[in-house]
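Okay, thanks for squeezing me in, everyone. I'll put the structure up and then talk through a few parts of it.

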Amino acid sequence: MSSRNRPAWEEKPSAAGLAAKGASIAVIALLILFPLYTIALTSLSSGETVNRVGGLVVWPGDGITFNAYEQMFRNPVVLRSLVVSLGITAVGTVISVVVSILGAYSLSRPGSFGHKTILFSVLLMFVIFPGLIPVYLWVSAIGLRDNYLAIILPMAVSAFNVVVLRAFFMSIPQELFDSARIDGAGEFRVLWQIVTPLSKAVIAVVTLFYAVAYWNNWFNAFLYLDDSGKWPLALVLRTYVVESAPLPQASGLQDAPPTLAVKMAIVMIAIIPALIIYPFVQKHFKKGVIIGAVKG
Amino acid sequence: MSAPTIESPARKAGDTPKRTVKPKAHWRERLRRDWPLLLMAAPMMILVWGFWWIPTLGNVVAFQDYKPFTGGILGSRLVGFTHFQVLFSDPEFTRAMLNTLGITAFQLVFYFPVPIALALLMHSIASERLRSMLQSVVYLPYFFSWVLVIAIFQQMLGGAGLLSQILRANGFDGVDWMTDPDTFILLVTSQAIWKEAGFGAIIFLAALAAIDPNQYEAAAVDGAGRWRRLWHITLPGIRPVIVLLLILRLGDALNVGFEQFFLQRSAVGSQASEVFDTFVYYSGIRTGDFDYGAAAGLFKGVVGLVLILAANKFAHMLGERGVYSKS
């Protein structure tokens, strides 16, 4: 295993110390990974195996089957909610990222027209909140009930993400802007050709934050979507798995009671997108993209 | 709070005499120069005003006898502080307040140190690869929703969960920590640690990485062992970040999170799980008493704002940087 060179002045760790450290690392990793492992294994087990074990499957060896996933996808409510969630996440993330990059760039230029007003409108979002009820009344009043925009628009701009982007944009050397402007580039060209290519890492992190927020959101859907046919996956997960309530059957199809394997398959479907995207983005956390921005 | 207005160029120049190299251009000239920037900010401003500041003004319903169908915000009668008077004599509200403060206090002791300890552990791992693998693992649950986290905890610690399953298979009684109001505070704190302590360690890791390694070497050469180095170099090195986050948390004392409690309220009952935010939902939206719920929400918002401002002031008094500063 490659290792950081231990500096010469640092004493050799004692055997007991190393053992204690190794044990803590193992316990921490297990506490996080073991539940995911047993849920994944249960979702891949047959109904008989789950019945025989009497719950979650811990030991592999009873064979793997995709029955639960097939059953899950045959349920029209689950299938549709998956499509809805993917759609909300894709559309919402694009809107949020574009709006935030544009806004953050305009905020990265102190002294420009209206700069202070715009900056205050965003910064005050950290300390003053509209509150649940006024937002609920307002979103209902402007006719967004049962509209997917009711999920997307209230969470489209995160002040935190805008501030992170802005701080990064402001750290780009001024000379780059000056030379571009001498070459006659307008603001939009500067943003597109100079700022965005330099900011790929921070944009990736912000994109992940927005996408995760949309994918995970169920409360806006719960508040504003009266029609259960429009539910996203997170709300199905809450109703079906956490509350163990039967799913409303829009098609009138009689469904068997949810087996544990099917429930775990829904949990897995909700986790998997995060697991897929996460490795591509998480390296940027270590580079301190966010920390640098927050401190600045 | 009123929106800050655009200051006149003259005053603006007067505000920052030290840094002004050239006098600010006339606003018309700046508008001609900066219109592309305004165009860029427009979508953000429409969303921020349309879904944040306009609803914030809607808090006026807290002072109204709000009639959703016949009156609306514009047509309902003002009743002053009536709802607040009712609120302060409502035992449910008192309980929500006490639960919230109790959970904040409990987590200050049992949650707050965990990310620091985790960061110290990760920082002390010599192997680059092992450290990076552990980081990947502990950050991961931060990206799970509360629904997922609670579903996972249910499967582990619930009445039909894995722990009970194992206990029963070995002849013991099963446990159901997911519905037990007495242990609820332990449950929510473990959930918070499981989900967020890893990601919370990032900021301490950054602070640890910023400590000058020469200090350690000098101390070691002078004969300081690893514990003395931890006490005299490491902890003072990350103290500003610890103080900052502690103050932030105190300023945020009324916020313990909404979803985590809302999702588990039906399982453990409101006695243990009612917090400010769930109270607002249940007293306002569920029953349709929007004005009353809004009053509870507004009370929380105003007290929360005062706490944040006070915490920041306190940070400055201690000579720390605080969350924001005047300049």
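So, chain B first: the domain assignment splits chain B into domain 1, residues 9–78, and domain 2, residues 82–317. Keep in mind that this is a predicted model. Taken over C-alpha atoms, the centres of domain 1 and domain 2 of chain B sit 34 Å apart. Where the two touch, domain 1 of chain B puts in 8 residues and domain 2 of chain B puts in 7.

How much area is buried between those two domains of chain B? About 610 Å², and 71% of that comes from carbon and sulfur atoms. If you want residues to look at on the domain 1 side, go to B:Asn59, B:Ala62 and B:Tyr66, since together they supply 56% of the area domain 1 of chain B buries against domain 2 of chain B, more than any other three residues. As for what domain 1 of chain B shows to domain 2 of chain B, we have 5 nonpolar residues, 2 polar and 1 charged. Between these domains of chain B I get 0 salt bridges, and 2 residue pairs in polar contact, both partners at pLDDT 80 or more.

Now over to the chain–chain interface. Here 96 residues of chain B are in contact with 94 residues of chain A. Chain B and chain A bury about 8,800 Å² between them, with 76% of it on carbon and sulfur atoms. On the chain B side, B:Met40, B:Phe51 and B:Phe143 supply 9% of the area buried against chain A, and no other three residues give more. By element, helix 2 of chain B, residues 27–57, brings the largest share of the side that touches chain A, with 24 residues. That side of chain B breaks down into 63 nonpolar residues, 19 polar and 14 charged.

And which polar links cross over? The rule finds 0 salt bridges between chain B and chain A, but there are 14 residue pairs in polar contact, again with both at pLDDT 80 or more.

Last stop, one residue in chain A: A:Ser43, which is in helix 1 of chain A, residues 15–43. Buried or exposed? A:Ser43 counts as buried, because its relative accessibility is 0%. Its side chain reaches the backbone oxygen of A:Ala40 at 2.7 Å. Beyond its neighbours within four places in sequence, A:Ser43 is in contact with A:Thr65, A:Ala68 and A:Tyr69, and also with A:Ala261, A:Met264, A:Ala265 and A:Met268.

Technical notes:
Residues numbered from 1 in each chain as written. Chains lettered and ligands numbered in written order. Predicted model: local features only at pLDDT ≥ 70, side-chain atom pairs only at ≥ 80, totals over all residues. Heavy atoms only, no water. Contact = heavy atoms within 4.5 Å. Buried area = accessible area lost by both parts, 1.4 Å probe. Salt bridge = Lys/Arg side-chain N within 4 Å of Asp/Glu carboxyl O. Polar contact = N/O pair within 3.5 Å; in protein donor to acceptor, adjacent residues only side chain to side chain. Helix = DSSP H or I, 4+ residues; strand = E, 2+ residues; numbered from the N terminus. Nonpolar A, V, L, I, M, F, W, Y, C, P; charged D, E, K, R; others polar. Buried < 20%, exposed > 50% of the residue type's maximum accessible area, 1.4 Å probe, protein only. Domains from an automatic or database assignment.
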